[in-house]
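Biologist: I am new to this one. Can you show me how to read it, step by step?

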Amino acid sequence: MLKSFKTEINPTVEQKIKINKTIGTCRYVYNFYLGHNKALYDKGEKFMTGKSFSVWLNNEYVPDNPDKIWIKEAYSKAVKKSIEDGCTAFTRFFKHQSAFPNFKRKGKSDVKMYFVKNNPKDCRCERHRLNIPTLGWVRMKEKGYIPTTKDGWKIKSGTVSIKADRYYVSVLVEIPDAKIANNSNDGIGIDLGLKDLAIVSNGKTYKNINKSARVKKLEKKLRREQRGLSRKYENSKKGESTQKNIQKQKLKVQRLHHKIDNIRTDYINKSIAEIVKTKPSYITIEDLNVSGMMKNRHLSKAVASQKFYEFRTKLKAKCDENGIELRVVDRWYPSSKVCHCCGAIKKDLKLSDRIYRCDCGYVEDRDFNAALNLRDALTYEVA
Ligand SMILES: [Zn+2]
């Protein structure tokens with residue numbers, strides 16, 4: 001089974017130069033291939049395949065044009081791939097599946113740096129870094145998102161791309177068959193919420209990271225710097241603050257946003273990894289009405305900061321990797337209101353009732369009761 005992962009990377013200045021140069025060369029060669037074939041086409045001559053163009057470029061064109069030697073200095077596999085992409089675009093055109101291929105414009109078109117595993121040292125992946133051919137170890141912003149090599153995963157190939165001055169890597173990973181299935185343990189239910197991030201039916205609770213002292217302190221600092229920024233805007237109108245000051249303050253605010261965001265993402269990754277490690281045969285969650293919750297202005301900030309959507313997407317990915325069935329229960333299923341002991345429904349359960357008390361004598365934490373009900377739900381969709 002092959003799976004793709006995309007994440008932001010943090011290349012060094014040198015690596016950035018190399019990436020930009022490679023992508024620039026790929027764009028140039030792609031356009032060159034298109035132009036060459038366009039000229040042949042206009043003259044009524046035979047179309048040149050990507051393969052024969054590659055051979056001609058390397059064995060004739062570059063040797064005959066020493067000023068174009070820089071084409072050969074770029075990572076050859078990436079250059080070759082851009083020619084192949086051009087060839088594919090032509091094939092689609094010939095099959096009437098798309099229009100005549102477009103030239104790629106700098107900054108406007110999505111040209112990527114392709115790379116491929118060619119020897120055992122290539123494409124190794126550790127928790128925080130990835131070995132990319134010709135670039136070496138590149139740091140990843142999100143630790144542990146791409147499965148590491150030591151678990152038997154194999155990165156086959158990938159691309160590096162740039163968007164708004166940010167760098168991303170996308171990799172294609174081969175998952176060993178042994179990793180799939182073989183989860184003999186029972187299933188679990190997870191109740192997601194605002195008070196705590198997740199209550200798991202196995203008894204584990206993942207607290208709301210936004211209530212931690214660390215995040216609270218950073219958020220306070222963020223608010224202070226944001227106030228500082230609007231003050232600087234005001235002062236600049238009076239001529240007391242310069243653009244340079246404003247830019248500096250803006251950067252401070254951005255960095256704080258980023259830092260808080262990273263803490264939240266790391267926490268989600270860690271929680272999911274821990275849940276999946278227990279090897280349940282299935283996981284049941286509720287289909288949260290996130291967009292509906294976002295419309296409530298009292299809740300929207302708290303909902304956004306919990307990153308439920310990211311949680312669900314990543315949980316799904318991890319379940320796929322580990323052969324765990326992800327079950328999603330309809331949002332109207334009253335998981336909180338049903339007594340897990342006798343099945344009675346408590347219609348008047350209020351959001352403030354943290355403890356579930358049933359007439360049958362059953363007393364349980366409200367969210368834990370919901371997690372148990374989710375675990376045992378019989379009506380669900382497999383995500
Ligand atoms: Zn009951």
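Biologist: Which residue is the bridge partner of Ile9 in β6?
Modeller: Keep in mind that this is a predicted model. To read a bridge, go from one strand to its partner. Ile9 has Tyr167 as its bridge partner in β6. Ser4 is paired too, with Leu172 of β6.

Biologist: How many bridges join β1 to β6, and how do the strands run?
Modeller: Strand β1 covers residues 2-10, and eight bridges tie it to β6. The two run antiparallel.

Biologist: And how many bridges join β5 to β6?
Modeller: Nine, again with antiparallel strands; β5 spans residues 154-163. One place to look is Ser161, which stands opposite Tyr168 in β6.

Biologist: What lies between the strands in the hairpin of β5 and β6?
Modeller: Two residues. Check the backbone there: Ala164 takes a positive phi near 50 degrees.

Biologist: What is the order of the strands in the sheet?
Modeller: Read across the sheet, not along the chain. The order is β2-β5-β6-β1-β4-β3, six strands in an open sheet with antiparallel pairing. The edges are β2 (113-116) and β3 (129-132), and each of them pairs on one side only. On average, neighbouring strands are turned by 35 degrees against each other, direction ignored.

Biologist: Which helix packs on the sheet, and which strands does it touch?
Modeller: Helix α1, residues 13-42, packs there. It touches β2, β4 (136-140), β5 and β6. Compare directions as well: that of α1 makes about 90 degrees with that of β5.

Biologist: Which residues of β6 are on the covered face, and which on the uncovered one?
Modeller: Start with the general idea. In a regular strand, side chains alternate between the two faces of the sheet. Now take β6, residues 166-174. Its covered face has Tyr167, Val169, Val171 and Val173. Its uncovered face has Arg166, Tyr168, Ser170, Leu172 and Glu174.

Biologist: Let us leave the sheet. Where is Asn235 found?
Modeller: In helix α5, which runs over residues 213-237.

Biologist: Why does Asn235 count as partly exposed?
Modeller: Look at the relative accessibility. Partly exposed lies between the 20% limit for buried and the 50% limit for exposed. Asn235 has 22%, so it counts as partly exposed.

Biologist: What is Asn235 in contact with, leaving aside neighbours within four places in sequence?
Modeller: Glu240 and Ser241. For a longer view, take Thr25, 210 residues apart from Asn235 along the chain. Their C-alpha atoms are separated by 46 Å.

Conventions: Residues numbered from 1 in each chain as written. Predicted model: local features only at pLDDT ≥ 70, side-chain atom pairs only at ≥ 80, totals over all residues. Heavy atoms only, no water. Helix = DSSP H or I, 4+ residues; strand = E, 2+ residues; numbered from the N terminus. Buried < 20%, exposed > 50% of the residue type's maximum accessible area, 1.4 Å probe, protein only. Contact = heavy atoms within 4.5 Å. Pairing = 2+ DSSP bridges. Axes fitted to C-alpha atoms, helices over the stretch in contact; angles between N-to-C directions.
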